[in-house]
Amino acid sequence: MVLQLEPDGAEFRLLRRFAYTDPERYGDEAFVVPRDLVGFRTDLASIPWVFAWLVPGLGTHLPAVLLHDALVLGAEEEKSHIGPDVDREEADRILRDAMGDLGTPLI
């Protein structure tokens, strides 16, 4: 997988969409990120500074992190992905599964 990112101030925007499928729970329906290439912005992996030495902001986990960013919505935020609606708990589970699919080490 090749992610194309462009800096936009302190955030980044994706230049191309990507998709993730979870056949066990969602069959053939994919999560496509982002819904809006022009408006979607990410700070990449939001890691508290205390743990920055342990967990890098970039790495094999980045596509899963970007997927999670698109799945988790703020109170008045519009949907940032194409695909099934999920709550925060399900988005966290998808993050863990996607990281495993990418071969991200457990720790």
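What follows is a dialogue on reading a predicted model, from its overall layout to its core.

Colleague: Where do I start, and in what order do the elements run from the N terminus on?

Modeller: Start with the inventory. The protein is a predicted model with three helices and four strands. From the N terminus on, the order is β-β-β-α-β-α-α.

Colleague: How much of the protein is buried, and what does the protein expose?

Modeller: Buried residues account for 32% of the 107 residues. The exposed area is about 7,000 Å², with carbon and sulfur atoms supplying 55% of it. As for contacts between residues at least 6 apart in sequence, 58% of them join residues at least 24 apart.

Colleague: Take one helix. What should the 14 residues of α3 span?

Modeller: A helix can be checked against its expected rise. At 1.5 Å a residue, α3 (residues 88-101) should span 20 Å, and its end C-alpha atoms are 20 Å apart, so the two values agree.

Colleague: What is found at the start of α3, and what follows α3?

Modeller: At the start, a side-chain oxygen of Asp87 comes to within 3.3 Å of the backbone nitrogen of Glu89. After the helix comes Gly103, with a positive phi near 85°.

Colleague: Which residues of α3 are buried, and what covers them?

Modeller: The buried ones are Glu90, Ala91, Arg93, Ile94, Leu95 and Ala98. Their cover includes β3 (18-21), α1 (23-26), β4 (30-33) and α2 (62-71).

Colleague: α2 is part of that cover. Is His68, in α2, buried or exposed?

Modeller: His68 counts as buried because its relative accessible area is 12%, under the 20% cut-off. Beyond its neighbours within four places in sequence, His68 contacts Arg88, Ala91, Asp92 and Leu95.

Colleague: Now a strand. How do side chains sit along one?

Modeller: In a regular strand, side chains alternate between the two faces of the sheet. In β4, Phe31 and Val33 make up the covered face, while Ala30 and Val32 lie on the uncovered one.

Colleague: How many bridges join β3 to β4, and do the strands run parallel or antiparallel?

Modeller: There are four bridges, and the strands run antiparallel. Opposite Phe31 of β4 stands Tyr20.

Colleague: And Val86, in the loop between α2 and α3: is Val86 buried or exposed?

Modeller: A loop position has to be judged by its accessibility. Val86 has 17% relative accessibility and therefore counts as buried. Leaving out neighbours within four places in sequence, Val86 is in contact with Tyr26, Phe31, Leu71, Ala91 and Ile94. Val86 and Val72 are 14 residues apart along the chain, and their C-alpha atoms are separated by 8.1 Å.

Colleague: How do I read the core, and which residues of the largest nonpolar core touch the most other members?

Modeller: The general idea is that nonpolar side chains in soluble globular proteins tend to be buried together. Here the largest nonpolar core has 20 residues, and those touching the most other members are Phe31, Leu67, Leu71, Val86 and Ile94. Two or more residues come from each of β3, β4, α2 and α3. The largest share, seven residues, is from α2.

Colleague: What does Phe31 touch, not counting residues up to four places away in sequence?

Modeller: With those residues not counted, the contacts of Phe31 include Phe18, Ala19 and Tyr20. Others among them are Leu67, Leu71, His81, Ile82, Pro84, Val86 and Ile94.

Terms used: Residues are numbered from 1 along each chain as its sequence is written. This is a predicted model: local features need pLDDT of at least 70, side-chain atom pairs count only at pLDDT 80 or more; totals for chains, interfaces and linings use all residues. Side-chain values use heavy atoms; hydrogens and water are left out. The expected span of a helix is 1.5 Å times one less than its number of residues. Buried means under 20% relative accessible area, exposed over 50%, partly exposed in between (1.4 Å probe, protein chains only). Contact means heavy atoms within 4.5 Å. A polar contact is a pair of N or O atoms within 3.5 Å; within protein, one must be able to donate a hydrogen and the other to accept it, and residues adjacent in sequence count only if both atoms are side-chain atoms. Two strands pair if DSSP finds at least two bridges between them. A nonpolar core is a set of buried Ala, Val, Leu, Ile, Met, Phe, Trp, Tyr and Cys residues joined through side-chain atoms within 4.5 Å. Accessible areas come from the Shrake-Rupley method with a 1.4 Å probe; for residues, only the protein chains shown count as cover.
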